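Thank you all for making the time this morning. I would like to walk you through one structure, and I will try to go slowly enough that you can follow along on the screen.

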Amino acid sequence: MTTTAAVIETATTRDANVLLHEEAKRFTPGGVQTAIRIADPPLCIRKAQGAYLWDENGKRYIDYHAAFAPIILGHCYPAVVERVIETIRQTDLYGVTTTYLEVELAKKIVEHVPSIEQVLLCCTGSEATFHTVRLSRAVTGRRKIIKFQGCYHGWFDYVLRNVISAPDVVNKWDPGSAGMLREAVEHTIVCRFNDLDSVEQAVRDNPGDVAGIILEPIPHNVGCILPDQSFLEGLRAICDREDIVLVFDEVITGFRHNIGGYQAICGVTPDLTAMGKAIANGFPIAAIGGKRELMQRFNTRVGGDVFFSGTFNGHSSCVAAALATIECLATRDVHGHIFRLGERMRDGLGSIVKRNGYPCTVAGFGSVYTLYFMSERPVKNYDALLDNDKAMYVRYRQELVKRGVFEIPMNLKRNHISYSHTEADIDLSLEAAEDALQATFAARAAKKI
Ligand SMILES: Cc1ncc(COP(=O)(O)O)c(C=O)c1O
């Protein structure tokens, strides 16, 4: 059997990324560990530091993918890595009672996130959102959940529907996977984002049966859709009126847009919050938090009746990473820096688009940005994105990758700026963007896409 090292060694005449991916495919279906890591062409990262990645060929990229959002400080960020190493030299995982690290992290989350009075740690965003759904059903004794077209909340049956839907199934029947339980999908109702009437209608159609409303306060799983303040406030009012649990899925927005999550920016407080990703700058940890009276239902408390468990919950490496990350967010001008660079990137892209008369829409918030391939317009919900040209979106990003700027070549995916990016990185990326846009529109003119 050829070893991976040997494959790389012999890759001088062929692309080492392709060779490694080919070898991976022999042992793993598709050769990737997550469906949305499929990239064309394949890109296998050998090392990373700060704002940069290096692939198996040794080529450098300015990274805006940020592993789908966790990397907020920069890759292998010294303050985080050092804290993790120092911690795991003396403590790891015990599976009994608690640790001083877990207590410290819980205190920090409660201190910073406005709506959170108590918190539980888990390992992934999907686990966190799963528990918000189960808890919502337990406390209300109801069955149905409302979600929004375009929002992603994880891979389990209750919520995996209507994320990036084909035009004919927008807001309709669009389960995300084979093997899902029909009843689970049916018990999740899909509404239009920024459309309170659609929510009122769903509540009327299911009297006394809506347990929870879950949303990404900014739906970043389709790029960036900004919420109307009146929409968020309206959801809060509906939930108060109908005794429905309001859940903010802040897995992307939490810590990235503000140390207190988007709720600290918009001033609307959910009953439950799911968090993950940027909380630990890339280490696998997530959290569910909320009102004490709701959280008290979990059976981590003697007498609680909502099951909560996980062998790896609170692993010291991840808790240490989260503590170090939160410390950086609290003591350095991380958000000021990444918001300034985000604005520089969006302004720069806007100028390029305008100067060249390209039919594109720049979108984003804070450190997040993207470029849709459709004429400029406000994006209020997923319907507006149906005009986005998917082939151009992907091709443009492939052109960027060729030019050493990594935005994952996948439709509607967003980009993230970290504390390690500099103004020079943004300016270099904007030069590459102008060039990549020219190549993309030239390919379209030549009918190659
Ligand atoms: C908003 C949101 N919620 C939940 C999840 C699920 O998180 P995980 O992939 O860690 O399970 C994601 C993942 O992308 C997400 O973007």
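I will begin with the ligand, go on to the nonpolar cores, and finish with four single residues.

Please keep in mind throughout that what you are looking at is a predicted model.

Let me start with the ligand, which is surrounded by Thr124, Gly125, Ser126, Tyr152, His153, Gly154, Glu216, Asn221, Asp249, Val251, Ile252 and Lys277. If we sort this shell by class, there are three nonpolar residues, six polar ones and three charged ones. Which side chains, then, come within polar reach of the ligand's oxygen and nitrogen atoms? On the oxygen side, a polar side-chain atom of Asn221 lies 3.0 Å from an oxygen atom of the ligand, and a polar side-chain atom of Lys277 is placed 2.8 Å from a ligand oxygen atom. On the nitrogen side, an N or O atom in the side chain of Asp249 is 2.6 Å from a nitrogen atom of the ligand. Taken on its own, the ligand has 390 Å² of accessible area, and the protein covers 83% of that.

Now to the interior. In soluble globular proteins, nonpolar side chains tend to be buried together. Here the largest nonpolar core has 93 residues, and those with the most contacts inside it are Ile109, Ile146, Phe148, Ile213 and Leu215. Helix H11, which runs from residue 316 to residue 331, gives the most to this core, with nine residues. There is also a second, separate core of 23 residues, which includes Cys122, Phe156, Val247 and Ala286. If you would like one residue to click on, take Phe148, whose contacts beyond four places in sequence include Val190, Phe193, Val199, Phe231 and Leu235, but also Asn162 and Arg192.

Let me turn to the single residues, beginning with Ser198, which sits in helix H7, residues 196–205. Is Ser198 buried or exposed? Its relative accessible area is 18%, which is under the 20% cut-off, and therefore Ser198 counts as buried. The side chain of Ser198 reaches the backbone nitrogen of Arg192 at 3.2 Å, and, leaving aside residues up to four places away in sequence, Ser198 touches Cys191 and Arg192.

Asn313 lies in the loop between helix H10 (292–295) and H11, and at 14% relative accessibility Asn313 is also buried. Its side chain reaches the backbone oxygen of Leu121 at 3.3 Å. Among the residues that Asn313 touches, beyond four places in sequence, are Leu93, Glu102, Cys122, Glu127 and Phe308, and you may recall Cys122 as a member of the second core.

At the other end of H11, Arg332 is found in the loop that leads to helix H12 (334–356), and with a relative accessible area of 37% Arg332 is partly exposed. Apart from neighbours within four places in sequence, Arg332 is in contact with Tyr77, Ala79 and Tyr419; the C-alpha atoms of Arg332 and Tyr419 are separated by 9.6 Å, although the two residues are 87 apart along the chain.

Finally, Asp15 belongs to the loop between helix H1 (4–9) and helix H2 (16–27), and is partly exposed at 33% relative accessibility. A polar atom of the Asp15 side chain lies 2.6 Å from the backbone nitrogen of Asn17, and a polar contact of 3.1 Å joins the side chains of Asp15 and Asn57.

Terms used. Residues numbered from 1 in each chain as written. Predicted model: local features only at pLDDT ≥ 70, side-chain atom pairs only at ≥ 80, totals over all residues. Heavy atoms only, no water. Core = buried A, V, L, I, M, F, W, Y, C linked by side-chain atoms within 4.5 Å. Buried < 20%, exposed > 50% of the residue type's maximum accessible area, 1.4 Å probe, protein only. Helix = DSSP H or I, 4+ residues; strand = E, 2+ residues; numbered from the N terminus. Contact = heavy atoms within 4.5 Å. Near = heavy atom within 4 Å. Polar contact = N/O pair within 3.5 Å; in protein donor to acceptor, adjacent residues only side chain to side chain. Areas by Shrake-Rupley, 256 points an atom, 1.4 Å probe, with all protein chains shown as cover. Nonpolar A, V, L, I, M, F, W, Y, C, P; charged D, E, K, R; others polar.
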